[in-house]
Amino acid sequence: MVEMFKKILKMNLLVLFSALLFSSSTMANTEGDKLIGFWFTEDDTATVEVYREGDAYFGRIVALKNPLYADNTTTGMPGQPKVDLNNPDLDKQSRPIVGLNLLRAFIYIGDNKWRKGKIYDPENGKDYDCNIKLKDDGSLSVRGYIGFSLFGRTTIWRSTTKPS
């Protein structure tokens, strides 16, 4: 009888612990999901869609202000869709900029902050460590850096709607 009681108690504790773990994870995701949506980059040249996969957040370019190379471009591709020409990996230089994953693997840490992610800069083909903070005015502070956050650059992104 005592053994059966211990078994039931262990099972109840396991269920309770699992429920607590799941609910705190769900609450963190709900808070972190404030990042999900569409954002104009600082210079309004791109629209980025932020989405979640599992517990991590990602962002891809879904629209460009000027999606095609200009007629006077030095790329040799006037009128063609812009591609990842500055990527040092030759195999990736033909990737279209629209659809490119710009933000990768951000984790929500609370207090409207996402950390441990990477940001890709198609202007120079480089990846940077990155932190994101949702500011009180609803904009994003996106800080890319190498090594230490002290040595980096911050841009401000504005919320927008899905491009048509």
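These legends walk through close-up views of one predicted protein model.

Residues are numbered from 1 along each chain as its sequence is written. In this predicted model, local features need pLDDT of at least 70, side-chain atom pairs count only at pLDDT 80 or more, totals for chains, interfaces and linings use all residues, and side-chain values use heavy atoms, with hydrogens and water left out.

**View 1. How confident the prediction is along the chain.** The protein chain has an average pLDDT of 85 (the predictor's confidence in each residue, from 0 to 100). A score of at least 70 is reached by 82% of the residues. Then there's the stretch over residues 12-28, where the pLDDT is below 50. Beyond near neighbours in sequence, this stretch makes two contacts in the model (heavy atoms within 4.5 Å). Where pLDDT is low, predicted coordinates shouldn't be read in detail.

**View 2. Eight strands closing into a barrel.** Just follow the numbers: the order is β1-β2-β3-β4-β5-β6-β7-β8, and the pairing is antiparallel. Strands here are DSSP runs of E with at least two residues, numbered from the N terminus, and two of them pair if DSSP finds at least two bridges between them. On average, neighbouring strands of this sheet are turned by 35 degrees against each other, direction ignored (axes are lines fitted to C-alpha atoms, and angles run from 0 to 180 degrees between N-to-C directions).

**View 3. Where β1 meets β8.** Strand β1 covers residues 37-40 and strand β8 covers residues 152-160. They run antiparallel, joined by three bridges. To find one partnership, look for Trp39, whose bridge partner in β8 is Ser159.

**View 4. The β7-β8 hairpin.** β8 also pairs with strand β7 (residues 140-145), again antiparallel, through six bridges. Tyr145 has Gly152 in β8 as its bridge partner. Six residues sit between β7 and β8, and in the turn Gly147 has a positive phi of about 80 degrees.

**View 5. β5 with β4 and β6.** Strand β5 (residues 113-121) is joined to strand β4 (residues 101-110) by five bridges. Here Tyr108 has Trp114 in β5 as its bridge partner. The β4-β5 hairpin has two residues between its strands, and Asp111 in the turn shows a positive phi of about 55 degrees. β5 also pairs with strand β6 (residues 126-134), over seven antiparallel bridges, and Ile119 has Tyr128 in β6 as its bridge partner. In the β5-β6 hairpin there are four residues between the strands, with Gly125 in the turn at a positive phi of about 75 degrees.
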